[in-house]
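Me: I should like to go through the reasoning behind some descriptions of this structure. Please set each value against its definition.

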Amino acid sequence: MSAAPSKPRWGDEDRAALRRLLAYVRPHRRRLIHACLVMCGVAAISGAIVELLGPLTNVIFVQSTPDELERIALAIPAIFFLKLVFQYTQSYLMSWLGQKITQEIREDLFTHLHALSMDFFWKSKSGEVMAKLTNDMNALQSALQFVPLYVIRDSLTVVVMLVVMFIANAKFALLALLVIPIAGGVLGVLGRKLRASSRRGQEVMGDIYHRFQESLQGMLVVKSFNYEAGAIAKFRRENDEFFHQMMRYFRATALSGPLMEFLGSLILALIVWKSGQAIHLGEMRPAQFAVFIGCFFMVYGPTKNLARANSTLQLGLVAAGRIFSVLDEKPSVTEPAEPKPFPALNRGIVFDHVSFRYPGRETWALRDVSLTIEPGKVVALAGPSGSGKTTFVHLLLRLFDPTEGRITIDGVDLREMSCHDLRAKVGLVSQETILFNDTVFGNVAIGREGASRADVESALRTADAAEFVSTLAQGLDTPLGDRGARLSGGQRQRLAIARAVLKDPKLMILDEATSNLDTGSERAVQAALERLFPGRTVAMIAHRLSTVQKADRIVILRNGRVEESGTHAELLADNGVYATLTRYQQLEAPPA
Ligand SMILES: Nc1ncnc2c1ncn2[C@@H]1O[C@H](COP(=O)(O)OP(=O)(O)O)[C@@H](O)[C@H]1O
Ligand SMILES: [Mg+2]
């Protein structure tokens, strides 16, 4: 026989994806073997059912023996009951495997996402990541669950049926064998079409998720700018494209089933015609004919499943490939093999000719920045928006590494420390407050592992947040809703400050920490923050210059460069940008 034309075209990617999937299957191989044994049972029972048709035909149509008829009648429910038990066990085991392995991959994915550096999240649309997690997991799960069933159980069933047919009548069995290569040829073509359209469909689906998310998050802007129609129009275009992509996919899938059925009917016609003739000529007995027709119908479902196995597997492998490509993403910020401990921070933090460009950007976000943050001192960074202040923070937290130059703490390069260790010593209150869908307590307690309620309460007092928290219905245990939706901007900011306070960090970074507060509470919170300054090293970013005057040193950034640096008095005397900005903000305080 020539090579089976049904062989799918395996790319290296598919083979690699399959190999990795098998690595997930391996720990559960006993269950898989168990399932395979049960599948053998199912195939054997199907064979037995068809075999029963022979004696049944004899008893009913050829020679009537009531005893045997009774036995056969009793055997039917017994055999089908056995089949029920086997089939249930096999479905249970395969669902378990499919679910278990996807559970493990999902967990690996979630864990791996947390190991990746920030650039990954900024370069990929979170909607696409979401689509990956949902769509691909579904496709993979059904491939894991059904492909072994289709391939093992159904090919075994086909083999059993072929054997039964050969025993009944070899010549006619050969006829049935025609189905497989023909079906294979059709499937080879369909499978390739399916793959391409599925891939494109997933991409469009990512865009759609992205739109949903964008609109849901930005609903305030959408509404206040009457942008509904615009958002809907954009969405409709993508939704439409998705529809067409999916229809292209379903046209191929929808054709494969009926086409198989039609091919089957041709073969059935051939069998009926030829065996009818054979029976007339006395070359075939009615019992054989009954077995034969029984086989034909028994083989039909499994063949259809085997046809589907191809596309299910292909979809699963595409999905697995995409999931693995996320798992293969390497964090751009790497941990040293032997990290040095976080230093005592008694010599200071030095930016040594640091330049930085965001990945994929042409322009420098920071250019040749050299400055020292002395231990126990407060350094304030100011400058127009886009001047690189937040970027400075990103580098200090080692969310990115400098493109050029280096950052050291007590002479130790940040790259030589473990990120975990570094970040454990740094408290950040950022420009955008990020709250999780958790209670007040849960959100603040992120600051320190094992924080008690008393710790959290004291941190809330320091952050000037205790008062508003006490007015919440359930106090500390009040759920905050998605991204803290139930709080005002200022309240969110105070919780973020409490979180950093709880951490009791050596190095405190405030990136416009009070920018969302009204003037009154800004003063209160600023005062609270300043109480924390003694004994800590502080990098404070502010756009309201009133808050930076007391800093030990003020650094003015512009276009990523250090423009000026000095104390409030020095900078005023220099009469440069700082002096101009201060005058502009009309906040120049009379000398104390
Ligand atoms: N995630 C990012 N990806 C690419 N470019 C960025 C990113 N964040 C900031 N930038 C760019 O880096 C420059 C400095 O930004 P940033 O440090 O946020 O300024 P600031 O905090 O002073 O307002 C800007 O030109 C900005 O466009
Ligand atoms: Mg900023």
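The exchange below takes up the ligand shell, the nonpolar cores and a sheet of a predicted model.

Me: What makes Lys389 one of the residues around ligand 1?

Reply: A residue is near a molecule if its C-beta atom, placed from the backbone, lies within 6 Å of it. Lys389 is listed around ligand 1, as are Trp122, Tyr358 and Arg361, among others. Helix 11 (residues 389-396) gives the most to this shell, with three residues.

Me: How is the shell around ligand 1 divided by class?

Reply: The shell has seven polar, three nonpolar and two charged residues. Gly counts as polar in this scheme, and Gly383, Gly386 and Gly388 are among the shell residues.

Me: Why is Ala380 said to be in contact with Met540?

Reply: Contact requires C-beta atoms within 7 Å. Ala380 is in contact with Met540, and also with Ala542, Val548, Ala551, Ile554 and Val555, its neighbours within four places in sequence being left aside. Ala380 and Met540 are both among the residues with the most contacts inside the largest nonpolar core, which has 66 residues. Helix 16 (residues 489-503) gives the most to this core, with seven residues. A second, separate core of 54 residues includes Leu93 and Tyr150.

Me: How do you know that strand 1 and strand 4 pair?

Reply: Pairing requires at least two bridges. Strand 1 (residues 349-356) and strand 4 (residues 404-409) have five, in the antiparallel sense, so the criterion is met. Val350 has Thr408 in strand 4 as its bridge partner.

Me: Why do strand 2 and strand 5 stand at the edges of the sheet?

Reply: The order of this open sheet is 2-1-4-5. Strand 2 (366-373) and strand 5 (412-413) each have a single partner strand, so one side of each lacks a neighbour in the sheet.

Methods: Residues numbered from 1 in each chain as written. Chains lettered and ligands numbered in written order. Predicted model: local features only at pLDDT ≥ 70, side-chain atom pairs only at ≥ 80, totals over all residues. Helix = DSSP H or I, 4+ residues; strand = E, 2+ residues; numbered from the N terminus. Core = buried A, V, L, I, M, F, W, Y, C linked by C-beta atoms within 7 Å. Buried ≥ 20, exposed ≤ 12 C-beta atoms within 10 Å, placed from the backbone. Contact = placed C-beta atoms within 7 Å.
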